[in-house]
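User: Please take a close look at one part of this model, the largest pocket, and describe what lines it and how the buried interior is arranged.

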Amino acid sequence: FFLINNIFYLVNCSTVTAVKNKKLLSNLQEAKEQLNVIYNVGIVTTGQVGTHGGIHCWFKGIANILSMHKLEQLYCIAYDDWDGYYVAHHPKGALHLKKDQRPVFH
């Protein structure tokens, strides 16, 4: 199982949005302080921040992780349990966040 480099993964246990793919960010700059992001596979230290669609993001993650916690602070989030996706209600229109249908092997 591998993560795709040009999509975001919505993570409900992350308190930060961390981005691996620099091309997904705008306004990339040095942060006032560094952040240690702890993952299951180790720790990544970053000192750069940027934005993606108005969302504050730390650069240099292991994947493009969109924090559910941060998203809920900005937008109303609903879950469509019939079709299995989240909807972020953005002023410019609804954003549908779909499940990755690839199998995960343990």
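Analyst: A pocket here is an open set of grid points where a 1.4 Å probe fits, with protein on both sides within 12 Å along at least five of seven lines. In this predicted model, the largest pocket has a volume of about 1,200 Å³. Its lining is made up of 41 residues, of which Y9, L10, V11, I65 and L66 are the closest to the centre. Two or more lining residues come from each of β1 (9-11), β3 (26-39), β6 (65-67), α1 (68-74), β8 (85-90) and β9 (93-98), and β3 provides the largest share, five residues. Sorted by class, the lining comprises 28 nonpolar, nine polar and four charged residues.

L66, one of the residues closest to the centre of the pocket, also belongs to the largest nonpolar core, a set of 11 residues that includes V19, L24, L25, I55, C57, F59, L71 and Y75. The element that gives the most to this core is strand β5 (residues 55-59), with three residues. Another core lies apart from it, with nine residues, among them V16, V37, V44 and V49.

Two members of the largest core, Y75 and C57, can be followed further. Beyond its neighbours within four places in sequence, Y75 is in contact with G53, H89, H90 and P91. As for C57, its relative accessible area is 1%, and because buried means under 20%, this residue counts as buried. The structure holds zero disulfides, and for C57 the nearest cysteine sulfur, that of C13, is 17 Å away.

Key
Residues are numbered from 1 along each chain as its sequence is written. This is a predicted model: local features need pLDDT of at least 70, side-chain atom pairs count only at pLDDT 80 or more; totals for chains, interfaces and linings use all residues. Side-chain values use heavy atoms; hydrogens and water are left out. A nonpolar core is a set of buried Ala, Val, Leu, Ile, Met, Phe, Trp, Tyr and Cys residues joined through side-chain atoms within 4.5 Å. Buried means under 20% relative accessible area, exposed over 50%, partly exposed in between (1.4 Å probe, protein chains only). Helices (H or I, at least four residues) and strands (E, at least two) are DSSP runs, numbered from the N terminus. Contact means heavy atoms within 4.5 Å. On a 1 Å grid over the protein atoms alone, a cavity is a set of points where a 1.4 Å probe fits but cannot get out, and a pocket is an open set with protein on both sides within 12 Å along at least five of seven lines; lining residues have an atom within 4 Å of a point. Grid points are joined across faces, edges and corners, and a volume is the space filled by probe spheres set on the points. Ala, Val, Leu, Ile, Met, Phe, Trp, Tyr, Cys and Pro count as nonpolar, Asp, Glu, Lys and Arg as charged, and the others, Gly among them, as polar. A disulfide is a pair of cysteine sulfur atoms within 2.5 Å.
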